[in-house]
Amino acid sequence: MAYAGDAKRAQDLMLGLDKRFPEATIVQYNYLPTLRAKVSLNRGDASEAIEILSAASPYELGRTTFSDYSWNGLYPVYVRGEAYLAAHQGSQSAAEFQKILDHRGIVGNSPIGALAHFQLGRAYAMQGDIAKAKAAYTDFLTLWKDADPDIPILKQAKAEYAKLR
């Protein structure tokens, strides 16, 4: 709901999680900070999002589920990277997205594994490092070469990449 921009439903879900799992480490230090940060980011408050995510830092490289599919691994890192982008802090943003690429085993087949390349390209472009930006965008576009060409984020990546040339 937070990524869909539905702050009210995201808030309701957060309240429910907090109430049902007050002592669950993964809920209190991964899910909730990530959701709260994304809602803050959606409101345009990148600095608040970054601050909220400080609670997740000690836990973000841990395994988040008992199954082989850890669908939420490194989401706090991803949202922090987005927040740094929104705050025009390209270097810090790049470090967060690189952390995801450096820990692919935690991410598994989560979409943020591929999207980290795209966001890393944005972070490098923000820093003015066009060569690294092009390489990151190319990595993303290569991963998504067989994707439906009408996917909005793919169109956006292609347009941003074209502007780098």
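In which helix is the place of glutamate 82? Colleagues, the answer is helix H4, and I shall take that helix as the thread of this presentation. Please keep in mind throughout that we are looking at a predicted model.

Let me stay with glutamate 82 for a moment. Glutamate 82 counts as buried, because its relative accessibility is 13% and the cut-off for burial is under 20%. Not counting residues up to four places away in sequence, glutamate 82 touches Tyr3, Lys38, Leu41, Phe97 and Gln119. Two of these names, Leu41 and Phe97, will return.

The next residue I would like to show is alanine 83, which also lies in H4. Alanine 83 is buried, with a relative accessible area of 0%. What does alanine 83 contact, once its neighbours within four places in sequence are left aside? The partners are Leu41, Ala46, Ala49 and Ile50. For one of them we also have a backbone distance: the C-alpha atoms of alanine 83 and alanine 49 are separated by 6.3 Å, although the two residues stand 34 positions apart along the chain.

Alanine 86, again in H4, offers another view of this region. Its relative accessible area is 43%, so alanine 86 is classed as partly exposed. Outside the window of four places in sequence, alanine 86 touches Leu41 and Ala46. Leucine 41 is 45 residues away from alanine 86 in sequence, while the C-alpha to C-alpha distance is 7.9 Å.

Following the chain onward, we come to histidine 88, in the loop between H4 and H5. Is histidine 88 buried or exposed? Histidine 88 is exposed, with a relative accessible area of 63%. Its backbone deserves a remark as well: phi is near 60°, a positive value in a residue other than glycine.

That loop brings us to the pairing of the two helices. H4, residues 75-86, and H5, residues 90-102, have axes that come within 8 Å and cross at roughly 160°. H4 is therefore roughly antiparallel to H5. The crossing of H4 past H5 is left-handed. On the H4 side, the residues in contact are Val77, Tyr78, Arg80, Gly81, Glu82, Tyr84 and Leu85; on the H5 side, they are Gln92, Ser93, Glu96, Phe97, Lys99 and Ile100. By character, this contact comprises six nonpolar, three polar and four charged residues.

A second helix pair may be set beside this one, namely H7 and H8. Their axes come within 7 Å and cross at roughly 160°. H7 and H8 are therefore roughly antiparallel to each other. Here, too, the crossing is left-handed. From H7, the contact includes Ala114, Leu115, Phe118 and Leu120, and among their counterparts in H8 are Ala133, Ala136, Tyr137 and Phe140. The residues of the contact between H7 and H8 divide into eleven nonpolar, two polar and three charged.

I turn now to the nonpolar cores. Which residues touch the most other members of the largest core? In this core of 29 residues, they are Leu74, Phe97, Ile100, Ile112, Leu120 and Phe140. Two or more residues come from each of H4, H5, H6 (104-107), H7 (111-127), H8 (130-143) and H9 (152-164). H7 supplies the largest share, eight residues. Leucine 74 illustrates the packing: leaving aside neighbours within four places in sequence, its contacts are Glu60, Leu61, Lys99, Ile100, His103, Ile106, Val107 and Ile112. There is also a second, separate core of nine residues, which includes Ala49, Ile50, Val79 and Tyr84.

Val79 leads to my last residue, threonine 34, whose place is in helix H2, residues 25-42. Threonine 34 is buried, with a relative accessible area of 8%. Beyond its neighbours within four places in sequence, threonine 34 is in contact with Leu53, Tyr75, Pro76 and Val79.

To close, let me return to H4. This helix is roughly antiparallel to H5, and it holds both the buried alanine 83 and the partly exposed alanine 86. Thank you for your attention.

Definitions and conventions
Residues are numbered from 1 along each chain as its sequence is written. This is a predicted model: local features need pLDDT of at least 70, side-chain atom pairs count only at pLDDT 80 or more; totals for chains, interfaces and linings use all residues. Side-chain values use heavy atoms; hydrogens and water are left out. Axes are lines fitted to C-alpha atoms, for helices over the stretch in contact, and angles run from 0 to 180 degrees between N-to-C directions. Helices (H or I, at least four residues) and strands (E, at least two) are DSSP runs, numbered from the N terminus. Angles under 35 degrees count as roughly parallel, over 145 as roughly antiparallel, 65 to 115 as roughly perpendicular and the rest as oblique. A crossing is left-handed if the near helix is turned anticlockwise from the far one by less than a right angle, and right-handed if clockwise. Contact means heavy atoms within 4.5 Å. Ala, Val, Leu, Ile, Met, Phe, Trp, Tyr, Cys and Pro count as nonpolar, Asp, Glu, Lys and Arg as charged, and the others, Gly among them, as polar. Buried means under 20% relative accessible area, exposed over 50%, partly exposed in between (1.4 Å probe, protein chains only). A nonpolar core is a set of buried Ala, Val, Leu, Ile, Met, Phe, Trp, Tyr and Cys residues joined through side-chain atoms within 4.5 Å.
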